[in-house]
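Subject: Structure handover and notes

Dear colleague,

I am passing on the structure we discussed, and I would be grateful if you could read the notes that follow with the coordinates open beside them.

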Amino acid sequence: MVPAIMEETNMIKPRLQLVAWELTRRCNLYCAHCRASSEAGAYSGELSTEECRQVIDGIAEVGKPILILTGGEPLMRQDLFSIAKYAVGRQLRVVMGSNGTLITQETASRLKEIPLTRIAVSLDFPSAELQDKFRGRPGAYDAAIAGINNTRQAGMEVQVNCTLTQLNIGYLDNLLTLALDLGAVAFHPFLLVPTGRGKGLEGVALSPQQHEEALNRIYDMQEKMGGRIFFKPTDAPHYVRIMKQRGKGGEARAASGKPGHAADAISRGCLAGSGFCFISHRGAVQGCGYLTVQAGNVREQPFKTIWEDAPLFHDLRDLRNLKGKCGLCEYKRICGGCRARAYEETGNYLEAEPYCIYQPPAQTEDPVNA
């Protein structure tokens, strides 16, 4: 029998902090890394406005997480404003992930009135030529910059996202400078998860060693910047291990000491199924947008039932299920490894994180996992 204290240590208690909701798969761009392989054409079977309200009711029944409205490009959906307003009315904190190109002054004002508290815009290169090529449309860079400026003028916070590969890792300092110049409050580098159209970038994905170097570099950049801007590497659960190793412990906020936005908290590395989930345009609930294993569908079950009872989520919350070196790692409670990368690499979402170079001491003591 497993002692109660060990049982508690091995279980991640679920607390819903973030929900990313793919309101639509439609997009006006054709980005090289898109996990959804989004295109401009219509997608059948998207949740109706009324179904969206029911989903929001279900989320509010579980807790008050940050609701990230995303896509595709969420502004391609005409009822975005009414859906967001309904969510705010249910006391959810609503933010949006966008490519920025459709955020006119009028659109920004309407989003502020809802109110949205933050808009994240993706900039993967610090120049128009490279950004437009990566995003699949001439003028994408200039339109995104205009969208960011319109967002700030309307009085909303801006967050700059980028997806790091070998194509742009050399521009990391330039991207940080650009984010600062644009008045962004946060800079979130994403580490590529090769799903959807992003599979075509596998050949330029950072190697495990480059992942480690990039995350240590981001740590150094954050230390240097202090409270001027907040870094939150995403799809990089081993960053929490690096923070622990380098002296910041398992959690951190911006060094300015200001309360900040809840999205700026760094807690556990992989929150899939324990603090975070993803809802697709057709209602499928997943651990995250990259982990293409369904926990359920809100058209078939209430969101609360899926969150509390889905076997997938129970698997992800029990650390004893982790295999390979992740199962042996002393950092598994604060890191957990990327379950989406493990699934893409092996077909098993409980296998070891393939992009982490750390070798836990227990691995050398276990010949089966060595």
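Below I go through a helix pair, the cavities, some backbone features and two buried residues.

Please keep in mind throughout that this is a predicted model, and that the values quoted here are computed from it.

Helix pair. Two packed helices are described by the angle between their axes and the distance between the axes. In this model, helix α5, which covers residues 128-135, and helix α6, which covers residues 140-153, have axes that come within 7 Å and cross at roughly 100°. Because angles of 65 to 115 degrees count as roughly perpendicular, α5 is described as roughly perpendicular to α6. On the α5 side the contact is made by Ala128, Gln131, Asp132 and Arg135, while α6 contributes Ala140, Tyr141 and Asp142. Sorted by character, the residues of this contact of α5 with α6 comprise 3 nonpolar, 1 polar and 3 charged.

Cavities. The search gives 3 cavities of 30 Å³ or more, and the largest cavity has a volume of about 140 Å³. That largest cavity is lined by 14 residues, of which Cys326, Cys329, Cys335, Cys356 and Tyr358 are the closest to its centre. The elements that supply two or more residues to this lining are α9 (238-245) and α12 (324-328). The lining of the largest cavity divides into 7 nonpolar, 3 polar and 4 charged residues.

Backbone features. Most residues other than glycine have a negative phi, and most peptide bonds are trans, so the following places may be worth a look when you go through the backbone. A cis peptide bond joins Gly71 and Gly72, with omega about 20°, and Gly72 belongs to the loop between β2 (66-70) and α3 (80-89). The peptide bond from Ile114 to Pro115 is also cis, with omega near 0°, and Pro115 is found in the loop between α4 (105-113) and β4 (118-122).

As for positive phi values outside glycine, Ser37 has a phi near 50° and lies in the loop between β1 (18-22) and α2 (49-62), whereas Asp235 has a phi near 60° and lies in the loop between β7 (230-231) and α9. With a relative accessible area of 28%, Ser37 is partly exposed; Asp235, at 18%, is buried, since buried means under 20%.

Two buried residues. Which residues does Thr195 touch, not counting residues up to four places away in sequence? They are His33, Cys34, Arg35, Tyr290 and Glu344. Thr195 is placed in the loop between β6 (186-191) and α8 (208-225), and it counts as buried at 3% relative accessibility. From Thr195 to Phe125 the C-alpha atoms are 21 Å apart in space, with the two positions 70 residues apart in sequence terms.

Ala342 is in helix α13, residues 339-346, and is buried, with a relative accessible area of 0%. Leaving aside neighbours within four places in sequence, Ala342 is in contact with Gly347, Asn348, Tyr349, Glu351, Ala352 and Pro354. The C-alpha atoms of Ala342 and Cys277, which are 65 residues apart along the chain, are separated by 17 Å.

With best regards

Note on methods. Residues are numbered from 1 along each chain as its sequence is written. This is a predicted model: local features need pLDDT of at least 70, side-chain atom pairs count only at pLDDT 80 or more; totals for chains, interfaces and linings use all residues. Side-chain values use heavy atoms; hydrogens and water are left out. Axes are lines fitted to C-alpha atoms, for helices over the stretch in contact, and angles run from 0 to 180 degrees between N-to-C directions. Helices (H or I, at least four residues) and strands (E, at least two) are DSSP runs, numbered from the N terminus. Angles under 35 degrees count as roughly parallel, over 145 as roughly antiparallel, 65 to 115 as roughly perpendicular and the rest as oblique. Contact means heavy atoms within 4.5 Å. Ala, Val, Leu, Ile, Met, Phe, Trp, Tyr, Cys and Pro count as nonpolar, Asp, Glu, Lys and Arg as charged, and the others, Gly among them, as polar. On a 1 Å grid over the protein atoms alone, a cavity is a set of points where a 1.4 Å probe fits but cannot get out, and a pocket is an open set with protein on both sides within 12 Å along at least five of seven lines; lining residues have an atom within 4 Å of a point. Grid points are joined across faces, edges and corners, and a volume is the space filled by probe spheres set on the points. Buried means under 20% relative accessible area, exposed over 50%, partly exposed in between (1.4 Å probe, protein chains only).
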